[in-house]
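This report describes one protein chain for a reader who is new to structures. Please look at the sequence and the model before reading on.

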Amino acid sequence: MDGPQLFLAGEPLWLAQTNCYVVAAERGGMCVIVDAPPDIPSIEALVRRHDLTPVAVLTTHGHIDHAGGAAVARGFGIDVHLHPDDAFLATDPGSQLRMLFGTADRSMVEACAFPDDYAVLEHGATLQLADLRIDVVHTPGHTPGHCCFVLEEDGVLFSGDQLFAGSIGRTDLPGGDFAALMRSMAERVLVYDDDMTVLPGHGPITTIGQERRTNPFLQQLA
């Protein structure tokens, strides 16, 4: 899909069908990868298919289905960005793999290794990457360090597992906090205009207005 200036493409990858996105100022130019599931060959294929050159990987949060493929950055020689409050998740893929599958051998853990020298995300920061202006919005709740990424001039919000079409992120995993998620929603997500396009970490694209009107989890915030 592409807008008048922005180029966007995404593909659901891995067992969790996590939406991995590439975003660029123009088709065939430099791009940013948003979330990297543990399927590096498919991420590389997504980039090649659109003739893009990655300059960074942005990680909405440290769950393995969003951060387990961060090693893709090594092949491109680029940085991975993460909020430090989620380092305990991203840098310990073994615990998450065991939770998911009941076991985690060395090869699985090594394949999902997150770089120790990641770039730190901070709330309110503006990243200038690939000729894009990307605002970092810290939205704790699903995880302590969860972040959304906003390209306000282009009307696009990458919501990770904060907000889905018709739902919100779960808060029953380590570090989850329902009250914190709802505060983040009210104070840092629903502040955007109704026509803001929301690209979630799972499922279909939606808008802030659509979710404000119909999402049952947001009715208490009306």
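Val-23, in strand 2, stands opposite Val-32 in strand 3. Helices (H or I, at least four residues) and strands (E, at least two) are DSSP runs, numbered from the N terminus. Residues are numbered from 1 along each chain as its sequence is written. This is a predicted model, in which local features need pLDDT of at least 70, side-chain atom pairs count only at pLDDT 80 or more, and totals for chains, interfaces and linings use all residues; side-chain values use heavy atoms, with hydrogens and water left out.

**Strand 2 and its partners**

Two strands pair if DSSP finds at least two bridges between them. Strand 2 has antiparallel pairings with strand 1 and with strand 3. The table sets out the two pairings.

| Pair | Bridges | Residues opposite | Residues between the strands | Positive phi |
|---|---|---|---|---|
| Strand 1 (residues 7-13) and strand 2 | seven bridges | Phe-7 and Ala-24 | four residues | Trp-14, near 65° |
| Strand 2 and strand 3 (residues 30-34) | four bridges | Val-23 and Val-32 | five residues | Gly-28, near 80° |

Is strand 2 buried or exposed? Seven of its seven residues are buried, so strand 2 is largely enclosed by the rest of the structure. Buried means under 20% relative accessible area, exposed over 50%, and partly exposed in between (1.4 Å probe, protein chains only). Thr-18, Cys-20, Val-22 and Ala-24 lie on one side of strand 2, Asn-19, Tyr-21 and Val-23 on the other, and both faces are covered.

**The cavity**

Rolling a probe the size of a water molecule over the atoms shows where empty space is left. On a 1 Å grid over the protein atoms alone, a cavity is a set of points where a 1.4 Å probe fits but cannot get out, while a pocket is an open set with protein on both sides within 12 Å along at least five of seven lines; lining residues have an atom within 4 Å of a point. Grid points are joined across faces, edges and corners, and a volume is the space filled by probe spheres set on the points.

One cavity of 30 Å³ or more is present, and the largest cavity holds about 30 Å³ of space. Its lining includes Asn-19, Tyr-21, Thr-60 and Phe-158. Strand 2 (18-24), strand 10 (156-160) and strand 13 (197-200) each give at least two residues to this lining. By class, the lining has five nonpolar, four polar and one charged residues. Here Ala, Val, Leu, Ile, Met, Phe, Trp, Tyr, Cys and Pro count as nonpolar, Asp, Glu, Lys and Arg as charged, and the others, Gly among them, as polar.

**The pocket**

The volume of the largest pocket is about 420 Å³. It is lined by 20 residues, of which His-63, Asp-65, Gln-96, Leu-100 and Leu-173 are the closest to its centre. Helix 2 (64-67), helix 4 (87-90) and helix 5 (93-101) each supply two or more lining residues. Helix 5 gives the largest share, five residues. The pocket lining divides into 12 nonpolar, four polar and four charged residues.

Gly-102 is in the loop between helix 5 and helix 6 (106-111). With 62% relative accessibility, Gly-102 counts as exposed.

**The whole chain**

The chain has eight helices and 14 strands. Its radius of gyration, taken over C-alpha atoms, is 16 Å, close to the 17 Å that the globule rule (2.2 Å times the number of residues to the power 0.38) gives for 222 residues, so the chain is as compact as a globular protein of that length. Of the 222 residues, 53% count as buried.
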